[in-house]
Every structure is written in C-alpha cells, then in structure tokens.
Amino acid sequence: MKKSLSERDICTKFITPAVQSAGWDLQTQIREEVSFTAGRIIVRGKLHSRGKAKRADYVLYHKPNQPIAVIEAKDNKHSVGQGMQQALDYAEALDVPFAFSSNGDGFIFHDRTGLSRPVERERTLDQFPSPAELWQRYKQWKGIDPPAENVVTQPYYTDGSGKEPRYYQRVAINRTVEAIAKGQNRLLLVMATGTGKTYTAFQIIWRLWKSRTKKRILFLADRNILVDQTKTNDFKPFGTAMTKIVKRQANKAFEIYLSLYQAVTGTEEEQNIYKQFSPDFFDLIVIDECHRGSAAEDSAWREILDYFSGATHVGLTATPKETKEVSNITYFGEPIYTYSLRQGIDDGFLAPYKVVRFDLDKDLQGWRPEKGQTDKHGNLIEDRIYNQKDMDRNLVMELRTRLVAQKLTAFLKASNRFDKTIVFCEDIDHAERMRQELVNQNADLAAENSKYVMKITGDDPLGKMELDNFIDPESRYPVIATTSRLMNTGVDAQTCKLIVLDQTINSMTTFKQVIGRGTRINEDYRKYYFTIIDFKKATELFADPDFDGDPVVIYEPGPEDPPLPPDVPDDDELPEQPEPPLLPGGDDGPEPRVKYVVGDVPFFVVAERVQYYGPDGKLITESLKDYTKKTVHKEFSTLNDFLRHWNAADKKQAVISELEEQGVLLDALAEEVGKDFGPFDLICHVAFDQPALTRRERAENVRKRNYFTKYGEQARAVLEALLDKYADEGVQSIEDMKVLRIQPLDQFGTPIEIIKHFGGRPQFEQALKDLENQLYAGG
C-alpha cells in the first residue's frame, strides 16, 4: 500500500505529522514546496524560456526568515536516503546547517555543523528533532550567546504585503546581523548589480536599529540619485527617524542619516561637516558601492571611516576592488557573503545577454595622416599611427561616429526602436557628437519627440533632469541616452534592453558596473534579456578569469550583415585580432588633451563570428539543432527512453513542458525545421535522426486505420473534429478541456453533452488517450 502512494501522499500522511509531533508549528515554522530560485532564462534567437526553479520539499524555520533545516522527500519506492544529495545542495544554497531525507519510513539526518559524530545518522519517524534541539545546535555552531541571541532573533521589517527577501538576500542579512551581534566591526557584502543591495542593507539596518544594537546609523553613497532612490524607496519605512544631510547642515535630532560623501567632506577644513558630529555619534556606517574609493587610504571616504573608527563599517559592492592603491579586502576583510553575476543569471534573478561585436577597419589596422595633413580646424595632425585607443580621445573621426550611429539604428529598426538604450562614450564631447549623429539617423522619431535621444552627463542639467524619466519603465522618453560616466553605476534602469560600448574599458570593476545596467529583469515590460553592442573590444574582458557571468551569444557582423544575431550561428571562426594597448576611460571632467577632428576618412565593419558560451563557461559554436540534440540527450540517452516517457505520460503537455524547462526551444526549432511538425516529431527527428511526419500526416494515418468505427455516430464526429484540431494546432490544444467550448467542437453541444456521447467523463478521457496512442503508434 505504502509503495503505491505518491510523494505528496508520503509528505501528507507521514513526514508532516512526524515533524509536527516533534513540536514544529505548521503555521509559522513549516513551509512546503518552497521555490527559492526563479529558473534560469534560456535565450535562443529572439525567444526565451525559463529553466526549472529550485524547490525544496520542506524548509523549517526557527522564526520567520530564519531557516534552519531542509527536508527532501521521496516516494516509498525510493530508499530513505535517496534525497540527501539534493537536500544538501539546497541546504548549502539556503545557508542552513541541517538536512533531512525521507521516504516516509524514517529520516536520514545530516548535521553540517561538524559538531556531531557521525555526521549522518538514521532516525525513526518519532525521533525527529524538536525546534529547541536544532536551535541549540545552531547557536552552538554560530557561537551565539544570550545577548547576541536577542539581536539575531529580531524580526525583519514586513509591510503586510507578503513581500519577503529572496533566499540570497536572507543569507546576506542573517550572516551580517549575526556577525555584528557577535562583535565583528568590519564587514564586506559582495552582491551583483541588480540583486537588491539597498533592500538588503535596509533589512540589516532595520533589525539592528529595532533591537537597539545600533542607535545612530549613517548610510553613505557617492551619487545623489542613489541617495534619493534609497530614501524614497527601500528606506521609506524609517519615516521621521530618517534624514538626508543637505546644505552642509548637521542636524543631530535624527537616528538614520543618508548622505553623499561629498556633502560631508571637502578640501577646506570647514567643509568637513562630519566633524560636527562627535567621533562616537554613529555606531553603524553602511557604505554603498564601496569599490569607488572608500577603501583607498587617501580617499575622502576613508577620512570619514577613520574619524568614526569606533563604529561598525559595512561595505556593499558588486565589484570588490583589489589594486595596489585600493583594497576592499584589506580594509573590510574577506566578504561575509558573495552573490555573483553568474549565480544571479543561473538562478533566473538576473537577465542573461547577447553580445554583438563590431570591429571597424581603422580601429584594427590603424590610420596614419598624410604628411602635413591638418584637421577640420586647421591643426597640424601629429604624424603617427592612430588606432582604437585613440578614437574619440585623441582623434575624432566623424564618419566613424556616423557608422556607429548607423549600426545602432539598424539594430533598433530590426528589433524595437523604443527599447531603452544606453550608449557609453569616451567623454562628454563624444557623447554630444554621438547624440547628434543618432538624432540625424532617427530624424523621424526625433521630430516626433525631441527627447527620443538625449545626452545624460554630469555637465548637462537638462539631461540629468531626464535621468528619472529614462529609468521609469512607464516613461517612453528618453529612449536613447548617450553618456560617459554618469550612468555606469547605481542607475536602476530596469527596462534597458540595449547597452552600446563605444568606450575604452580596461577595468574589470567598471566593466561589471556597465554590464550591470542591463541585468535587471522586468517581466511586466517583457525584459528578460538584453543585448550588448561593442565597438571597442571591451567585451574581450569576458575572457578575464575575474569575470563571472558569461554571455549567451557573441556575434560579429560583417560589412553587409544584419546587426541582429542570427538564430542559428555560423560555424566559421575568424582569427583573433591583436588587441591594441588600452588607455583608461574618459571622465566627466575638463579635457585638456588635444583632439584632432577629421571629417572625410571612411570607416567599414570587418569580421563576423557567432559564439555561444556553454553552462561550464567554455566557448562552444553550435547550431540550434546541435544544441537541441545535446540537451535532449541529457534526459533521454536513446530513442526508446524518449518514446517510453512520451507514451507513459497521461498528458503530452507535461513532457513538452519538461523539455522547455530543460531549455529546448520548440517554437524556434519549428521555425527552422518546419511549422507543420509537432514537438514529438521535432524531437525524434532532430535528437534521434528519425524521419518526421507532419501533424496532418499523422492525422491522415489514423483515419486510414478506420479506428473510429467502434464509437457511436456522434462520438465519431467529435473525434474527427479533434483530429482536425490536432492537425491544425497540435496535441496541446486537444488535451485542454476548453477545446470543447470553441469551434468546431461547440457545434456538438455543451461540454457536458459532448462527454455524454462517450458515456461519461472517464470514457471521454480514455477515448482521448486512445486517440493519442493512435496518433503516435509506431513512433
């Protein structure tokens, strides 16, 4: 009897009662079927699908948002320990020390703390540990004494809407609060751009503030928009206890202070208003984007940190900085938690991306002026070879800027001209020239609205005013923003679908920040992935071992090729061009260097290459068919394996959904192989080299067998209509009972009347199953 029960029945009848009997509260401490990732977004061509989300059968909590154990259940046909490896995988991700596996006969208990021997042991159903027992072990493992326990158990902020932290945010918050409760005073959190660092910081501060562990808190950032976003969004619950330091006024009547570091420091002593606060005024300082100089010993941020050295310092960054001059690690210590770009993409919380690479001829081959040649302004051009590192820094080639604008415009015209786009330029002058060229290339839309293309740089008040509108998903304009440095960090552009790199970048920190402008997902606006168009070979930094999130496709169009990557990649690879030495990127400051402006030298695109990056981060080059074959073979090693699974499924839609979760893009495959083939034939043909039949051919084969003669006249007519429906739309359409309500089935009566022709619902469902068996008879 027990062997015939489903996994869900085993949970309901055996596991849940055993856990409850040990003293766990069903309402507040036990959660079942907890999905904690979103499922990786898989991109092929213009389509996307989601992989399978990670889902724990049970997560047990000491208190809300304090997970302490996971249980992985299996049905009784499996051994009691069958689920342990999965349980350990989930326990590691959720940062919980206790993992259990069960098949309903008992439990295998694995203690990851290292405090008990043996590490794994079997327990009967009535020996499941109590909440008090596991919490005691947890405290012993973490070294939490009674004073620290009061801090560690301080509840999270909740607004009643049901919003709760994502699993990795919870790990970051709990680790940080526990470390501070135990007396650690320098902490570093590394979280990829777009993963909610500010929300994480808010919950850390809230719990420490509410427990009165930290009474006065300073949150430092280096961009005004970051401070304002923080105050009005994530930090809003602090209400009247919070202030933003403005006009160099140090009002000491508040508890939560938000500030630009520039607002409290300066070159003159009287500008250093932080000294109006006593050194022990703040007992917690949180430094956002701390890679931008706070750890440098001579930086303004470091002055503030040294002045308030008695406070706890928490650094937040997407890209910890390690150079001879600046070291986050040296100052803060090793990160207490790291959530990388690659992990965020794997979990489906961050958008993957395609890369389109353009190599321009003069960039690679170099350009040398003729003897005595002058530029547009009559300046004698220095006689040397100019190449990529010089473009738009020392040498302005107007036709190069035009070509970049043309290629960008062609891309948008081939996809969507209203996709939010950021163009990163070398400096302010370059950003202005790029704006002009893009206006000229998009004269129709620029005439409709002058804000279609805007320069958003630090020197332009009008452009800066439009930054909020660019970020706002509901605001259509501006669509294209040209910039140099202002938008490369902290700007929460959720709907940015295109990032254009016409800027020399040789800093991994800057590169990750720039890529981070596009990694946010916004499903409401159909933003699931984004595209990077690279004109300055910046994406060669993908090959750097310090980079941790590979692109899904890299495409290098030739001179006559369309700018959109093809759905099926080419197998031909061109040899790598030698990379010229790179100079540091431009700035939003004064530009003392001489720039030569040349208006008549033509530029052309050279090279074409398409490359995919596999799950292991290694470069592969394959077609959609090869990719499908490899993906299917991971699940079904032979044709017979697939046929058995297909024929055993009660509903074929379940198998189709499984394949899509594995990353098989059936719609894209149908576009390539033929839209008249159903999923079954697409898989058999592409993955197992079987001849394919169209849906209509399969339907005709059933008719030839005179299979319907055993049914009454009305039932036969219904099955004939279902067969036509299958031929037109596929097996998914006939498995949905709603099909009985639409043409041509509705002519036979209501769904209840139609089912009566078969003698009842069970008989109708059996007839449908028999029809499917006939359709796929013989494979």
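These legends go with a set of close-up views of a predicted model.

**View 1. How sure the predictor is, and where its confidence drops.** Averaged over the protein, pLDDT comes to 84, and 86% of the residues score at least 70. Two stretches fall well short of that mark: residues 294-298 stay under 50, and so do residues 568-592. Both still have contacts beyond four places in sequence, with 17 in the model for residues 294-298 and 61 for residues 568-592. Go easy on these parts of the picture: where pLDDT is low, the predicted coordinates should not be read in detail.

**View 2. An open sheet of six strands, with a helix packed on it.** Going across the sheet, the strands come in the order E1-E4-E5-E6-E7-E8, and their pairing is mixed. Strand E1 (30-35) and strand E8 (120-124) sit at the edges, each pairing on one side only. From one strand to the next, the twist averages 30 degrees. Helix H3 (residues 131-142) packs on this sheet and touches E4, E5, strand E6 (98-102), strand E7 (106-111) and E8. The direction of H3 makes about 120 degrees with that of E5.

**View 3. Zooming in on the E4 and E5 pair.** Strands of a sheet pair through backbone hydrogen bonds, either parallel or antiparallel. Here, E4 (residues 55-63) and E5 (residues 66-73) go for the antiparallel sense, over five bridges. To get your bearings, find Val-59 and look to E5 for its bridge partner, Val-70.

**View 4. Helix H5 crossing helix H6.** The axes of H5 (residues 167-181) and H6 (residues 197-210) come within 9 Å and cross at roughly 35 degrees. The crossing is right-handed. From H5, the residues that meet H6 are Gln-169, Ala-172, Ile-173, Asn-174, Thr-176, Val-177 and Ile-180. Facing them from H6 are Tyr-199, Thr-200, Gln-203, Ile-204, Arg-207 and Leu-208. Sorted by class, this contact has seven nonpolar, five polar and one charged residues.

**View 5. Glu-437, a buried residue in helix H14.** Helix H14 spans residues 428-441 and holds Glu-437. With a relative accessible area of 11%, Glu-437 falls under the 20% cut-off, so it counts as buried. Leaving out residues up to four places away in sequence, Glu-437 touches Glu-398, Thr-401, Arg-402 and Ala-405.

**View 6. Helix H22 and the glycine that follows.** In H22 (residues 666-673), the buried residues include Leu-666, Ala-668, Leu-669 and Ala-670. Next after H22 comes Gly-674, with a positive phi near 150 degrees.

How values were computed. Residues numbered from 1 in each chain as written. Predicted model: local features only at pLDDT ≥ 70, side-chain atom pairs only at ≥ 80, totals over all residues. Heavy atoms only, no water. pLDDT = per-residue confidence, 0-100. Contact = heavy atoms within 4.5 Å. Pairing = 2+ DSSP bridges. Helix = DSSP H or I, 4+ residues; strand = E, 2+ residues; numbered from the N terminus. Axes fitted to C-alpha atoms, helices over the stretch in contact; angles between N-to-C directions. Buried < 20%, exposed > 50% of the residue type's maximum accessible area, 1.4 Å probe, protein only. Left-handed = near helix turned anticlockwise from the far one by under 90°. Nonpolar A, V, L, I, M, F, W, Y, C, P; charged D, E, K, R; others polar.
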